[in-house]
Amino acid sequence: GTSIYREGFAIHTTLDSRLQQIAEKHFNAEIGKVQKKVDLYLARQDSSEGLPDSALVQAAFVAMDPSTGRILAMIGGRDFSLSKFNRATQAKRQPGSSFKPFVYTAAIDNNRFPVDLLDDNAVTLWDKENGVFWDPENYDKKFKGPMTLRDGFKQSRNLIAIKLADEIGPRLIRGYAQNMGISTSIRAIPSIGIGTSEVLLLDMVAAYSVFPNKGIHVEPISINSLRSKDGNVFFAQESGRKREVLRPAVAVVITDMMRSVIDDVGGTGRRIRTTYRFKPESAGKTGTTNDYTDAWFLGFTPDLVVGVWVGIDDPSLRLWPRQAGSVAALPLWAEFMKETYSTVEPYRSLQDHGFDYPEDLVERLEVCKDTHKMATRFCPNQDQDLFITGEALPSSCPLHGGSPTPGSGRIQRF
């Protein structure tokens, strides 16, 4: 009835005060470091440059339980008394390379393989929407030549993602992103591969949760229960609504490719291991937009997914000088995860909980390191990569006695 409006009720949220406290501590420290770099840069500039005397760096943070969608910690900005705007749920910003997992998800689900080769070199594409030719670049303005999808992903090579997106089709990629929980408008244009459409941090965190969940999207929730004045529970939920949005095997392969970002030499998230010494098994992706306007890092363990965005509210201003996602956003993620897994249960007891690789979903097979095709017994240099069990494989190595015939069964799934 209407008594709850007269007498009031108690709201029990999903926030974990321990994780919120850890998040706020490292948020203030790490975003303060980014602010200091911006301040020093602006102080050194000549007034004729037309730059402001100062610019307030903002940021947003979300930690979520991937299996239930429970939001465990959230920060929407640096000072609530100055700005009530929640950048975690309201700020639409370009995700840059942190959008690339959707490109590679569409690729793997449509019979591409982590060992497939693409050439990291110059390309010119026609942008139908704007009626212009487009010459995209890599972050470092360099080309590295032929490389596998796994290497292109972990090193965040823009040209590999752009060529892959062009090959698969922007409309297909948009379909995957939307199906995995991105609610904002995504433009099906050539630059979709490098994240030029705006997204919400909370949407991105929920979408990344699909990977450790083996294809299940869980809607984020912030309220556990509502109780009347006399203690009666008139609303309760254990988890957000769940729906399967991706084949489990594809989620496992993409999780492993995202693990390479952190574990492998050359990965853009490698500092999580080398600098911050965070040891639990993790996967993630950096993101940086043009001219360092936005910096992102989103990553997860099997039991916790966390996203960080750093930028300035005015998108015409940037994170001077050259503060990429791995510099401006990753440290907050790493410090939060490290303290959480060191001091807070149940995470302290889950430090050895690694990602699952069910044999009925995926299998590790030998690959020739010279041709990046399936190894024959004559291939002298072999390595392993992950493939979906029972599905088409790349052709066997033609250089060492294999068949040059390409693998069969490449079909469009979505």
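In this predicted model, helix α11 makes a convenient starting point, because its geometry can be checked against simple arithmetic: at 1.5 Å a residue, the 14 residues of α11 (residues 330-343) should span 20 Å, and the end C-alpha atoms are indeed 20 Å apart. An α-helix has 3.6 residues a turn, so residues three or four places apart point the same way. With that in mind, the list of buried positions in α11 is worth a look: it comprises Leu 330, Pro 331, Leu 332, Trp 333, Ala 334, Phe 336, Met 337, Thr 340 and Tyr 341. These buried residues pack against a mixed set of partners, namely the helices α2 (17-44), α9 (271-274) and α10 (325-328) together with the strands β2 (57-64), β13 (294-300) and β14 (305-312).

Helix α8 (residues 248-263) passes the corresponding check, since its 16 residues should span 22 Å at 1.5 Å a residue and its end C-alpha atoms are 22 Å apart. Most of α8 is covered, with 14 of its 16 residues buried.

Strand β14, one of the partners of α11, contains Gly 311. This glycine is buried, with a relative accessible area of 0%. Beyond residues up to four places away in sequence, Gly 311 touches Leu 56, Val 57, Gln 58, Thr 293 and Leu 319. By contrast, Pro 248 lies 63 residues from Gly 311 along the chain, and their C-alpha atoms are separated by 34 Å.

Strand β2, another partner of α11, runs antiparallel to β3, and four bridges join the two. Across this pairing, Met 64 stands opposite Ile 71 in β3. Six residues lie between the strands of the hairpin, where Gly 69 takes a positive phi near 80 degrees. Four of the five residues of β3 (residues 71-75) are buried, so this strand is largely enclosed by the rest of the structure.

A further case is His 12, which is placed in strand β1 (residues 9-13). His 12 is partly exposed, at a relative accessible area of 35%. Although 212 residues separate His 12 from Asn 224 in sequence, the two are 5.4 Å apart in space, C-alpha to C-alpha. Setting aside neighbours within four places in sequence, the contacts of His 12 are Ile 223, Asn 224, Ser 225 and Arg 227.

Attention now turns to empty space. Searching the whole structure finds one cavity of 30 Å³ or more, and the volume of this largest cavity is about 90 Å³. Its lining consists of Ile 108, Asn 111, Arg 112, Phe 113, Pro 114, Val 253, Leu 386, Phe 387, Ile 388, Glu 391, Ala 392 and Leu 393. By class, the lining of the largest cavity divides into nine nonpolar, one polar and two charged residues. Strand β16 (residues 382-388) provides the largest share of that lining, with three residues.

The second largest pocket has a volume of about 330 Å³. It is lined by 18 residues, of which Arg 150, Asp 151, Asp 383, Gln 384 and Asp 385 are the closest to its centre. Two or more lining residues come from each of α4 (149-154), α8, β15 (362-368) and β16. The lining of this pocket divides into 10 charged, four polar and four nonpolar residues. Strand β16 thus appears in the linings of both the largest cavity and the second largest pocket.

Terms used: Residues numbered from 1 in each chain as written. Predicted model: local features only at pLDDT ≥ 70, side-chain atom pairs only at ≥ 80, totals over all residues. Heavy atoms only, no water. Expected span 1.5 Å × (residues − 1). Buried < 20%, exposed > 50% of the residue type's maximum accessible area, 1.4 Å probe, protein only. Contact = heavy atoms within 4.5 Å. 1 Å grid on protein atoms, 1.4 Å probe; cavity = no way out; pocket = protein on both sides within 12 Å on 5 of 7 lines; lining within 4 Å. Points joined across faces, edges and corners; volume = space filled by probe spheres on them. Nonpolar A, V, L, I, M, F, W, Y, C, P; charged D, E, K, R; others polar. Pairing = 2+ DSSP bridges.
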